[in-house]
Amino acid sequence: DASVDAAHSTRMRSVRAALLQPPGAHLDPGETAAMLLAVCSGALDKLPSNMAAEALRGGSGSPLVQHLRSAASGVLQSLSEESTVSVSTARELDIAVRLFVAMRQAELGGQQSTA
């Protein structure tokens, strides 16, 4: 199905954006895992692809990682310490990422209404 192929291609571009960080942009293993899990979950699919890629750029300074640090710092710590991602950590990450997406969508809606 063409829509499934398009969604998969968009998600793979986001995976690429998560992996291709600028030189010197540090990501610790927990942050990398959080970014990849967020992309693979499909939660970022609700954002325009350029906005999703922007949220993933900047290593530890990326908007998504900054949001996770402030809204769900325990998730990043758990991802760094757990040898296998626990169900509770995955759920907490999912909630934090969906909140991030909802906030970005609200920002986008606000920008469109003022334009």
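**Entry 1: helix H1 against helix H3**

For the angles in this notebook I take axes as lines fitted to C-alpha atoms, for helices over the stretch in contact, with angles running from 0 to 180 degrees between N-to-C directions. I am working from a predicted model.

I looked up helix H1 (residues 2-19) and helix H3 (residues 49-56) and found that their axes come within 8 Å and cross at roughly 25°. Because angles under 35 degrees count as roughly parallel, I enter H1 as roughly parallel to H3. I note the crossing of H1 and H3 as right-handed. On the H1 side I listed Thr10, Ser14, Ala17 and Ala18, which meet Ser49, Ala52, Ala53 and Leu56 of H3. Sorting the residues of this H1 and H3 contact by class, I have 5 nonpolar and 3 polar residues, with no charged ones.

**Entry 2: helix H1 against helix H2**

I then turned to H1 and H2, whose axes lie 9 Å apart and which pack at an angle of about 170°. Since angles over 145 degrees count as roughly antiparallel, I record H1 as roughly antiparallel to H2. From H1 I noted Arg11, Ser14, Val15, Ala18 and Leu19, and these meet Met35, Leu36, Val39 and Cys40 in H2. By class, the residues in the contact of H1 with H2 divide into 7 nonpolar, 1 polar and 1 charged. Going back over my lists, I see that Ser14 and Ala18 of H1 appear in the contact with H3 and also in the contact with H2.

**Entry 3: salt bridges**

How many salt bridges does the count come to? I have 2 salt bridges, and I looked up each pair in turn.

In one of them the side chains of Arg69 and Glu31 meet, at 2.6 Å from N to O. This pair links distant parts of the chain, with Arg69 in helix H4 (residues 63-71) and Glu31 in helix H2 (residues 29-41), 38 residues apart. I also checked the accessibility of the two partners: Arg69 counts as partly exposed at 36% relative accessibility, whereas Glu31 is buried, with a relative accessible area of 3%.

The other pair is Asp94 with Arg98, whose closest N and O atoms are 3.0 Å apart. Here both residues lie in helix H6 (residues 87-114), 4 residues apart, which is about one turn of the helix. I have Asp94 as partly exposed, with a relative accessible area of 26%, and Arg98 as partly exposed too, at 37%.

**Entry 4: two loop residues**

Is Ser62 buried or exposed? I looked for this residue in the loop between H3 and H4, and at 0% relative accessibility Ser62 counts as buried. Leaving aside neighbours within four places in sequence, I find Ser62 in contact with Met35, Ala55, Leu56 and Arg57. I also noted that Ser62 and His26, 36 residues apart in sequence, are 10 Å apart in space from C-alpha to C-alpha. Met35 and Leu56 I had already met, Met35 in the contact of H1 with H2 and Leu56 in the contact of H1 with H3.

I next located Ala43 in the loop between H2 and H3, where Ala43 is buried, with a relative accessible area of 2%. Not counting residues up to four places away in sequence, Ala43 touches Ala38, Val97, Arg98 and Val101; Arg98 is the residue I had entered as the salt-bridge partner of Asp94. The C-alpha atoms of Ala43 and Leu99 are separated by 9.7 Å, although the two residues are 56 residues apart along the chain.

Terms used
Residues are numbered from 1 along each chain as its sequence is written. This is a predicted model: local features need pLDDT of at least 70, side-chain atom pairs count only at pLDDT 80 or more; totals for chains, interfaces and linings use all residues. Side-chain values use heavy atoms; hydrogens and water are left out. A salt bridge is a side-chain nitrogen of Lys or Arg within 4 Å of a carboxyl oxygen of Asp or Glu. Buried means under 20% relative accessible area, exposed over 50%, partly exposed in between (1.4 Å probe, protein chains only). Angles under 35 degrees count as roughly parallel, over 145 as roughly antiparallel, 65 to 115 as roughly perpendicular and the rest as oblique. A crossing is left-handed if the near helix is turned anticlockwise from the far one by less than a right angle, and right-handed if clockwise. Contact means heavy atoms within 4.5 Å. Ala, Val, Leu, Ile, Met, Phe, Trp, Tyr, Cys and Pro count as nonpolar, Asp, Glu, Lys and Arg as charged, and the others, Gly among them, as polar.
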